[in-house]
Amino acid sequence: MLDRANGTCRETRAGVTGPLRRRSRKRCASRAAGGGRTTSDAERDPDFTLDQRGPIQPMNEFPEGEVEVEILVRSRDGLLIGRVDRVEGTPGGIRLIDYKSALHDDLPQRYERQLQLYAAMWHDTWGAWPAEARVIYPLTGAAYMVDVAASTCEGVAAEAAKLVRTMLAERRPSALARPGDVCTLCEFRPWCRPFWRTQAAEPSHAAALVRATVGFEGVVEAIDLRGENWRLMLRWRGCLVRLVLPNDRFGHLARVRQGMHLRVLDTPLRGLRQQPTASLTPRTEVFILEGAGIGEAEAR
Ligand code: SF4
């Protein structure tokens, strides 16, 4: 089990008050109830699909100024499911918003596709297309518009559904993994055993140093909070990697003890080959493993 590093996401969403969250669930449930089952029912029943729920209710009662949070959406065939962070009623129609705790200064394609999938699922769930969609980085204040034209979103959704069907047909999920350049864009990277196995199995130390930028897994030799920064020494491929990480961004490291395994993403290793230093980037993430990591023995 992994613990997501950026605990800031919840903080960001904390701008939404408790009463509004509760109201959102109530409204969401009441809308879904038009077909005889509520969204809560849907969440409890893994076999639930929209087709079982009955006719889709048109989303025509979402007035300008209305705000809802964490709205469940599903594709008509039940293969895809998502939860939209925030939905706003605007003069032009419905706006979908997804918050990201990363410090990007661009819009990665995977985020764009995620919103396009949400738009398609919104249509399948509520019977109307959103007018716009945005990805917002609250920590940087940046916001990006996403193209949610029906034809674009339908194409993305069809591609995703095809992928899901392929995955369902394969009995061994790990057999589907093809670690490679695409992993740099993959949100599943922290949990993907084939990815970590491939990283650990790299025979060349020089190549491993390059690949470590995408992700490296190490065992904590030492950790210390000095002033505002955590100072870590991680054992990786028989050498010691130094990391300095600000506590205000990596506060979860307070739980880390000697001997624990960490996965570090998007952090280049520089300096001496046998004693490199990890260079913090805006994309750096650190995950704590609850158990043992993927050792080099398993990788081979
Ligand atoms: S990290 Fe795993 S799931 Fe993601 S692209 Fe790479 S191999 Fe596929």
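**Exercise 1.** Determine which residue in the hairpin of β7 and β8 takes a positive phi, and describe how β7 pairs with its partner strands.

*Solution.* Begin with the hairpin of β7 and β8, where 2 residues lie between the strands and glycine 227 takes a positive phi near 65°. Strands here are DSSP runs of E with at least two residues, while helices are runs of H or I with at least four residues, and both are numbered from the N terminus. This is a predicted model, in which local features need pLDDT of at least 70 and side-chain atom pairs count only at pLDDT 80 or more, whereas totals for chains, interfaces and linings use all residues. Residues are numbered from 1 along each chain as its sequence is written.

Next, consider the pairing, which requires that DSSP finds at least two bridges between two strands. β7 and β8 (residues 229-236) pair in the antiparallel sense over 7 bridges, and valine 219 stands opposite arginine 235 in β8. β7 (residues 215-226) also pairs with β10 (residues 261-265), again in the antiparallel sense, over 5 bridges, with valine 264 in β10 as the bridge partner of phenylalanine 216.

**Exercise 2.** Work out in what order the 5 strands of the open sheet stand, and which strands are at its edges.

*Solution.* The order is β2-β3-β4-β5-β6, and the pairing is mixed. At the edges stand β2 and β6 (142-146), each of which has a single partner strand, so one side of each is left without a neighbour in the sheet. Within the sheet, β4 and β5 run parallel and are joined by 5 bridges, and isoleucine 97 stands opposite arginine 134 in β5.

**Exercise 3.** Find which element gives the largest share of the largest nonpolar core, and what tryptophan 122 is in contact with.

*Solution.* A nonpolar core is a set of buried Ala, Val, Leu, Ile, Met, Phe, Trp, Tyr and Cys residues joined through C-beta atoms within 7 Å; a residue is buried if 20 or more other C-beta atoms, placed from the backbone, lie within 10 Å of its own. The largest such core has 22 residues, and among those with the most contacts inside it are Val84, Leu96 and Trp122. Elements giving two or more residues to this core include β3 (81-90), α5 (109-126) and α6 (150-169), and the largest share, 9 residues, comes from α5. Finally, two residues are in contact if their C-beta atoms, placed from the backbone, lie within 7 Å; leaving aside neighbours within four places in sequence, tryptophan 122 is in contact with Val73, Val84, Leu96 and Pro130.

How values were computed. A residue is buried if 20 or more other C-beta atoms lie within 10 Å of its own, exposed if 12 or fewer, and partly exposed in between; C-beta atoms are placed from the backbone.
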